[in-house]
Amino acid sequence: MRLRAALALRRLGEAGRKLLRSADPGEDQYAADMARYVLGLEAAALREYAR
C-alpha cells in the first residue's frame, strides 16, 4: 500500500479506516505498516499531506 492510497482511504471516513485496519502483516508487512502509520496521523498532518 502506497502512502497516497492509504491517505485516500483515510479520507473516506469510517469505511476507509476499516479497510486500513484490516491490513494483514502476514500478507504484506509494508502495507500493514503504512496503514498503521496513516491511521495514527493527526488531523494537522493529514491536512499537510493534502497540500
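A salt bridge, as I will use the term today, is a side-chain nitrogen of Lys or Arg lying within 4 Å of a carboxyl oxygen of Asp or Glu. Please keep in mind that what we have in front of us is a predicted model, and that by this rule the count in it comes to four salt bridges. The general idea behind the rule is that side chains of opposite charge can pair when their charged atoms come close.

Let me begin with helix H2, which covers residues 14-21. Here Arg17 forms a salt bridge with Glu14, and the closest N and O atoms of this pair are 3.2 Å apart. Both residues belong to H2 and sit three residues apart, which is about one turn of the helix. As for the surface, Arg17 has a relative accessible area of 27% and is partly exposed, while Glu14, with 43%, is partly exposed as well.

In helix H3, Asp33 is paired with Arg36 in a salt bridge whose closest N and O atoms are 2.8 Å apart. This pair, too, lies within one helix, with Asp33 and Arg36 three residues apart, or about one turn of H3. Asp33 counts as partly exposed at 31% relative accessibility, whereas Arg36 is exposed, with a relative accessible area of 55%.

A further salt bridge links Glu48 to Arg51, and there the closest N and O atoms are 3.8 Å apart. Why is Arg51 counted as exposed? Its relative accessibility is 78%, and the cut-off for exposed is over 50%, so Arg51 falls in that class. Glu48, in contrast, is partly exposed, with a relative accessible area of 49%. I should add that salt bridges with shared partners join Glu14, Arg17 and Arg21 into one network.

Now I would like to turn to how the helices pack. Helix H1, residues 3-11, and helix H3, residues 29-39, have axes that come within 9 Å and cross at roughly 50 degrees, and that makes H1 oblique to H3. The crossing in which H1 passes H3 is right-handed. Which residues of H1 and H3 make the contact? On the H1 side they are Leu3, Ala6, Leu7 and Arg10, and on the H3 side they are Met34, Tyr37, Val38 and Leu39. Sorted by class, this contact of H1 with H3 has seven nonpolar residues, no polar ones and one charged residue.

While we are on H1, let us look at Ala5, which is found in that helix and is partly exposed, with a relative accessible area of 39%. Ala5 and Val38 are 33 residues apart in sequence, and in space their C-alpha atoms are 10.0 Å apart.

The other packing I want to show is that of H2 and H3, whose axes are 9 Å apart and which pack at an angle of about 140 degrees; that makes H2 oblique to H3. H2 passes H3 in a left-handed crossing. Arg17, Leu20 and Arg21 of H2 make this contact, together with Ala35, Val38 and Leu39 of H3. By class, the contact of H2 with H3 has four nonpolar, no polar and two charged residues.

To bring the two parts of the talk together, Arg17 is a residue to find in the structure, as it forms a salt bridge with Glu14 and also takes part in the contact of H2 with H3.

Conventions. Residues are numbered from 1 along each chain as its sequence is written. This is a predicted model: local features need pLDDT of at least 70, side-chain atom pairs count only at pLDDT 80 or more; totals for chains, interfaces and linings use all residues. Side-chain values use heavy atoms; hydrogens and water are left out. Axes are lines fitted to C-alpha atoms, for helices over the stretch in contact, and angles run from 0 to 180 degrees between N-to-C directions. Helices (H or I, at least four residues) and strands (E, at least two) are DSSP runs, numbered from the N terminus. Angles under 35 degrees count as roughly parallel, over 145 as roughly antiparallel, 65 to 115 as roughly perpendicular and the rest as oblique. A crossing is left-handed if the near helix is turned anticlockwise from the far one by less than a right angle, and right-handed if clockwise. Contact means heavy atoms within 4.5 Å. Ala, Val, Leu, Ile, Met, Phe, Trp, Tyr, Cys and Pro count as nonpolar, Asp, Glu, Lys and Arg as charged, and the others, Gly among them, as polar. Buried means under 20% relative accessible area, exposed over 50%, partly exposed in between (1.4 Å probe, protein chains only).
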